[in-house]
Amino acid sequence: MESSNNSLDDVSADGSGESADRASVMETRLQAQEDEITLLKSSLADALRRIHLHEQLLPVLTQQLIAVNPAAARIINQVCCHDSIHGGRQPRNSLRTKSDYLVLPKRQIKPLKKKTVSSANLLCQSPNLENRAREPMANSGSRRGTYSQEQSIKMFIRGRPITMYIPSNIQNYEELKMEPPSERLELDWIYGYRGRDCRANLYFLPTGEAVYFTSCVIVLYHINNRTQRHYRKHTDCVRCLTLHPDKVRIASGQTAGVDKDGKPVQQCVHIWDSTTLVTLQQIGLGTFHKGLGSVAFSTMDSGVFLCVIDDSNEHMLSVWDCTKGTKQAEVKTTNEAVFAVEFHPADSTNIITCGKSHVHFWTLSSGQFTKKQGIFGKYKKPKFIQCFVFSLTGEVLTGDSEGNILTWGKSAADIKTLGKGAKETFQIMRQIKAHEGSVFTLCILQGGAVLSGGSKDRKIIRWSADLAPERECEIPENFGAARTIADMDGEEVLVGTTRNAILRGTFSEGFVAIVQGHVDEMWGLATHPSINVFLSCGHDRQVCVWNTEEHKLDWSITLEDYGLCADFCPNGSVVSVGLSTGRWVVLDMLTREVIADFVDGNEQLSVMRYSPDGSCLAVGSHDNFIYIYNVTENGRLYTRFGRCNGHSSFITHLDWSKDGGYIMSNSGDYEILYWDIAAGCKLLRNRFESKDREWASYTCVLGFHVMGVWLEGSDGTDINALCRSHSESVVAVADDFCKVHLFKYPCPKPKAPSHKYEGHGSHVTNVRFTHCDSHLLSMGGKDMSIFQWRVIRPNSSSSTASSEPSSSS
């Protein structure tokens with residue numbers, strides 16, 4: 001029996017079947033229910049807090065009203081008497097709140113007309129422009145106060161109104177015209193590789209490029225020149241890849257996806273030119289009902305045929321004529337997971353598939369498939385057949401979850417045992433114990449030698465053509481085990497690993513990483529204030545520091561808990577990282593050591609933000625508080641200054657004012673609050689006073705200046721992150737639908753137009769501009785990829801092959 005860790009590896013290698021689909025649906029429903037419960041709890045807490053606040057303010061407001069209007073005392077007495085008659089409360093059909101009344105100069109109390117808000121639309125109305133007259137406290141002896149006109153607008157999220165005040169420099173809000181920004185984005189680099197749960201997705205091209213995929217993009221990375229090109233025609237996560245015998249054409253398939261309206265996207269295999277990145281064919285458009293799991297070209301006839309295994313429950317095997325684009329045959333394979341498919345190199349009518357508990361040998365004749373199952377006989381049947389290759393003599397070699405390499409051969413019909421009519425079978429001719437744990441990958445080198453990669457022992461072993469062991473090496477633990485191996489020149493190879501890294505090397509000189517990435521969901525992203533460096537962190541507990549010029553990982557450390565947020569001190573010498581347990585640490589950028597360690601509450605931290613001069617640090621938590629620290633000794637000494645208490649839900653975003661005296665914050669119940677930090681973290685009750693305040697950064701997703709980034713009908717969680725450029729000309733938005741948007745800043749009106757960019761295969765969790773606004777970084781949550789976009793300004797010369805934006809209104 002294998003260890004539990006190895007079993008987990010095997011399970012992660014399993015295809016996406018019916019159980020995975022059902023689990024995904026249930027997970028989505030559960031998450032939606034949890035979000036709804038969280039919102040209801042937040043709304044209830046907010047209502048209780050506001051009721052308590054109104055009870056405290058009511059006597060004060062009554063005294064002020066009587067001072068301004070003595071005749072109001074009689075009305076108040078009447079109301080009090082009326083309440084006492086009804087047991088101290090109003091009848092249900094005549095219930096009014098304080099906001100229903102407006103003090104008028106004619107000394108009358110009149111109910112305001114409320115606009116009907118449909119809760120069916122989460123953002124159900126365009127903001128209303130309202131002129132609200134406010135009567136300030138009158139001076140001594142004055143009979144009537146003066147009036148100031150406060151212009152405000154309302155937007156609705158999940159039926160909740162959010163009031164925002166229009167800055168003084170905007171004279172006519174209705175006449176504001178929203179335009180898309182003149183800047184655009186061009187995909188420059190992708191950090192990451194999908195090796196954790198995919199296989200056979202790494203090839204070496206004659207051009208010197210390694211071709212692999214991550215998220216929705218296929219990357220062509222020139223190893224010596226350190227440049228990338230990108231094939232971006234897929235609309236969802238790429239799952240399979242194969243190279244044509246001509247070493248130029250590539251076939252690729254993706255997982256099942258949906259369009260912007262939630263309808264399933266028509267699946268197909270893309271056949272494209274690796275030199276020009278032009279799509280040559282779309283095979284099977286509309287005939288695949290699920291995603292695609294494996295693809296392979298035929299070899300003997302120079303790649304005329306293509307075989308495909310889809311991700312349906314029956315894992316349909318189909319063969320296509322690439323010259324005509326027509327389907328030659330189709331058959332159900334098995335309800336179990338299928339990991340690989342290949343044509344026999346000497347006969348295009350023979351196809352082999354392998355997966356959970358099986359290896360099948362198929363023969364195609366006159367449009368019909370016949371299947372023969374591999375017979376294990378006296379040998380133990382493994383749980384998984386992970387991979388297979390063809391030796392130079394045409395034998396089939398399989399690697400399984402027991403750590404064995406099996407050699408399969410065709411045996412003659414056993415008439416004596418099986419009787420008349422017995423047919424030939426495929427049986428195991430030889431078994432070799434190769435690795436501890438699974439054999440994840442096999443590779444045939446140019447001279448006929450075989451390479452095998454093991455899971456538990458993390459070894460790569462070189463075998464002679466007759467399977468005698470020759471050399472071996474062990475992959476460092478931080479890279480994981482070998483998931484796939486690609487031959488470069490017979491000696492040097494590329495190795496894709498289970499921890500999303502690509503290694504290059506030889507047995508004599510060792511292996512070095514040329515591609516690295518995170519291995520779990522990512523949320524934390526911060527850019528250095530003065531150099532081209534950024535930091536990322538996520539659920540894999542890794543904190544990684546990347547260089548945007550050299551496109552490489554500078555260094556990384558592993559923490560005890562996973563990181564969710566981070567921010568650099570303005571002097572750039574240290575960076576603070578917020579963790580999932582309420583703990584946060586300060587890292588020295590030079591020594592890479594933890595120089596400070598604090599705990600605020602016992603819930604996860606969602607935002608870290610230094611003040612513009614670096615003298616303070618604000619820590620936003622899911623316990624609804626913002627913790628403020630004084631920072632001295634160039635970011636090395638921290639002292640608790642105070643705590644902002646007033647939000648009724650968890651903190652999501654916050655920003656400092658340019659003078660460092662105030663904070664604007666957002667919470668999970670879509671509340672916008674303002675704080676006077678110098679006055680002891682005081683909550684500013686009158687939000688109107690903050691309408692003209694200037695902010696050092698703008699990452700709050702709710703605010704007047706970014707109201708236009710919300711689409712009509714949006715849920716409050718549809719936008720995960722937002723970032724204004726340092727030049728204050730554009731704002732980038734990360735949404736829940738795998739998109740990055742670029743808006744002109746400010747964009748305070750609904751339906752603001754934007755440039756929209758695709759490529760991520762998961763919700764985009766964060767975006768940040770580099771210190772000089774030359775690039776934008778975007779982070780895909782579960783696709784474990786970081787995209788580096790070049791910001792293209794008007795009249796700047798740059799290629800547009802990788803930009804491909806689409807404008808949206």
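# Notebook: contacts and strands in a predicted model

I looked first at charges over rings, and found the charged end of K749 over the ring of Y173, 5.5 Å from the ring centre. I also noted R483, which lies over the face of F440 at 4.2 Å from the centre of that ring. I record here that the model is a predicted one.

**Entry: salt bridges**

I looked up the salt bridges and found that the structure holds 30. I then asked which residue forms a salt bridge with R790. The partner is E186, and the closest N and O atoms are 2.5 Å apart. I located R790 in strand β57 (residues 786-792) and E186 in strand β6 (residues 184-191), so this pair ties together parts that are 604 residues apart in sequence. I checked the accessibility of both residues. R790 has 28% relative accessibility and therefore counts as partly exposed. E186 has a relative accessible area of 3%, so I entered E186 as buried.

I next examined R249, which forms a salt bridge with D246 at 2.9 Å between the closest N and O atoms. I entered R249 as partly exposed because its relative accessibility is 29%. D246, at 33%, also counts as partly exposed.

I then turned to D554 and K552, whose side chains meet in a salt bridge of 2.9 Å, N to O. The relative accessible area of D554 is 29%, so D554 is partly exposed. K552 counts as partly exposed at 31% relative accessibility. I also traced a network: E560, D561, R583 and D597 are joined by salt bridges that share partners.

**Entry: aromatic pairs**

I looked up the ring pairs and found that the structure holds 26 aromatic pairs. One of them is formed by Y191 and F534, with 5.5 Å from centre to centre and 70 degrees between the planes, an edge-to-face arrangement. I noted that this pair links distant parts of the chain, since Y191 is in strand β6 and F534 in strand β36 (residues 533-538), 343 residues apart. Are Y191 and F534 buried or exposed? I found Y191 buried, with a relative accessible area of 4%. F534 is buried as well, with a relative accessible area of 0%.

I then examined F388 and F390. Their ring centres are 5.8 Å apart and their planes stand at 85 degrees, so I entered the pair as edge-to-face. Both residues are buried. I also recorded a cluster in which ring pairs link F361, F376, W408 and F426.

**Entry: strand pairing**

I looked up β43 (residues 605-610) and found the strand mostly covered, with six of its six residues buried. I asked in which sense β43 and β44 (residues 616-621) pair, parallel or antiparallel. The two strands pair in the antiparallel sense, over five bridges. Within this pairing, I found L605 opposite S621 in β44. The two strands form a hairpin with five residues between them. In the turn, I noted that G614 has a positive phi of about 80 degrees.

I then followed an open sheet of four antiparallel strands in the order β7-β8-β9-β10. I identified the edge strands as β7 (203-204) and β10 (227-231), each of which pairs on one side only. Strand β9 (residues 217-222) is joined to β10 by five bridges, and the two run antiparallel. I checked one position in detail: V219 has H230 in β10 as its bridge partner.

**Entry: backbone in the loops**

I looked for positive phi values outside glycine. R158 has a phi of about 55 degrees. I placed R158 in the loop between β4 (148-157) and β5 (160-165). Its relative accessibility is 22%, so I entered R158 as partly exposed. L277 likewise has a positive phi, near 65 degrees. I found L277 in the loop between β13 (267-273) and β14 (279-288).

I also asked what the peptide bond from Y745 to P746 is, cis or trans. The bond is cis, with omega near -5 degrees. P746 belongs to the loop between β53 and β54 (754-757).

**Entry: H741**

I located H741 in strand β53 (residues 740-744). H741 has 9% relative accessibility and therefore counts as buried. I found a polar contact of 2.8 Å between the side chains of H741 and D735.

Notes
Residues are numbered from 1 along each chain as its sequence is written. Side-chain values use heavy atoms; hydrogens and water are left out. Buried means under 20% relative accessible area, exposed over 50%, partly exposed in between (1.4 Å probe, protein chains only). A polar contact is a pair of N or O atoms within 3.5 Å; within protein, one must be able to donate a hydrogen and the other to accept it, and residues adjacent in sequence count only if both atoms are side-chain atoms. Two strands pair if DSSP finds at least two bridges between them. A salt bridge is a side-chain nitrogen of Lys or Arg within 4 Å of a carboxyl oxygen of Asp or Glu. Rings of Phe, Tyr and Trp (its six-membered ring) pair if their centres lie within 6.5 Å; planes under 30 degrees apart count as stacked, over 60 as edge-to-face and the rest as tilted. A charge sits over a ring if NZ of Lys or CZ of Arg is within 6 Å of the ring centre and within 35 degrees of the ring normal.
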